[in-house]
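Biologist: Can you pull up the model and take me through it?
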Amino acid sequence: MSSKKISQLAVVAAVSVVAAVVVHNITGRTAQPPQTRTSLIQGLNPDTVADIIITANKKSIHLKRHGTSFVVTDKQDYPAAADRVNELFTELLDIKTAELITDKLENHPDLDATEDKAQTIVRLLDNDANEITGLVIGKRTEQGNAYARLTNSNSVYLCENIPPIRTSALDYIDQQMLSIKRGNIKSVTVTNTNGLTYTLQSEPNSTELTLAAPLTQGKKLSAAASSVFSALSSLRFEDVFAEGSEPNGLTFNQTYICELKDSTRYIIKLAKQDDKTYAQCSATPPNTKDIVINVKDTDEQLKEKEAMLLARQDVDKFNGKRKGWVYELPQWKAVHLTKPLDEILEDLETEEVNNSEE
């Protein structure tokens, strides 16, 4: 072997020794060969989990099983979104160990793998409040992996597939309240604190809006009217309170009523306090008392009757979920639900005035 190749091998060997020393100094162990990737959490049956406690930045949220689903105890047992909880279970079970870093307790602080330094801690408890398993997520690497261990183990692994765990109570709540297509809306009625009411109507087979009452002379509907009419196309909330725990002194003295073409009515009662707007929601279904499925019905008649029955089911589901709760709405949306009449009107142009007088 040439002296040149011997020199190159010597350099490689020296670099390997230095790397091993660095790893040993940080983790208290010698460098180990790559290991087979396995799930960090094994043998978990989500159906046995009765409580989930997630801690981050010294604050905890609590999800508690209620029948086949979960509620968010930090929000007075508001129903948790099933897809968010299921996603959490999936994320936990997908975490893979890439490499054992240390099994010595004294090395945990350097990896943020102690409970007081961890980024996130997730505990899963059974019906007797016994811990089924728990996860401590420590420092993250530049590659997006993280150091993690089980709460009942000193073994810290470099783990893959650890997404940022949701750590806010609202993260586990479906904040979407309504999503109504504009084309399904027949009319919208707004009543303000002064008792003044106006109704916007949709013209048949048109996107044009009209005011139920005659327009003031020299005025026309502005573009703002469209925003009022379609305010329920995507209605979300920013916070939720069980009735009785909402801020004191709320007066629900404004109303927004959206009537659909099938006669379903969504009723939003509104209260304003300081710079925040709160809502109570309910709905009335279409009249389905006289609906009878007849063998002589045409396909079109059957579809119409089915749509009415499904609409009633939607209303029952909506009322069941919203009854007993007060919602804080985003202010940018609340202004469209409470806009007074003079703010959806604008002056006619001179040419428009002349045409109207002819």
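What follows covers the fold, one strand and the two pockets.

Modeller: This is a predicted model, where local features need pLDDT of at least 70 and side-chain atom pairs count only at pLDDT 80 or more, while totals for chains, interfaces and linings use all residues. Residues are numbered from 1 along each chain as its sequence is written, and side-chain values use heavy atoms, with hydrogens and water left out.

Biologist: How many helices and strands does the protein have?

Modeller: There are 6 helices and 22 strands. These are DSSP runs numbered from the N terminus: helices are H or I with at least four residues, strands are E with at least two.

Biologist: What percentage of the residues is buried?

Modeller: Of the 358 residues, 40% are buried. Buried means under 20% relative accessible area, exposed over 50%, and partly exposed in between, with a 1.4 Å probe and protein chains only.

Biologist: Why is strand 6 largely enclosed?

Modeller: Strand 6 covers residues 96-102, and 5 of its 7 residues are buried, so the rest of the structure largely encloses it.

Biologist: Which strands are joined to it, then?

Modeller: Strand 1 (residues 38-39) runs antiparallel to strand 6, with 2 bridges. Strand 10 (residues 156-160) is also antiparallel to strand 6, joined by 5 bridges. Two strands pair if DSSP finds at least two bridges between them. K96 of strand 6 is the bridge partner of S39, and in strand 10 the partner of K96 is E160.

Biologist: Switching to pockets. What volume does the largest pocket have?

Modeller: About 580 Å³. A pocket is an open set of points on a 1 Å grid over the protein atoms alone, where a 1.4 Å probe fits, with protein on both sides within 12 Å along at least five of seven lines; lining residues have an atom within 4 Å of a point. Grid points are joined across faces, edges and corners, and the volume is the space filled by probe spheres set on them.

Biologist: Which lining residues are closest to its centre?

Modeller: L178, S179, I180, Y266 and D314, out of 20 that line the largest pocket. Helix 4 gives the most to that lining, 7 residues. The lining divides into 8 nonpolar, 4 polar and 8 charged residues. Ala, Val, Leu, Ile, Met, Phe, Trp, Tyr, Cys and Pro count as nonpolar, Asp, Glu, Lys and Arg as charged, and the others, Gly among them, as polar.

Biologist: And what about the second largest pocket?

Modeller: That pocket holds about 150 Å³. Its lining includes E243, K269, R322 and W325. Strand 20 (276-284) gives the most, with 3 residues.
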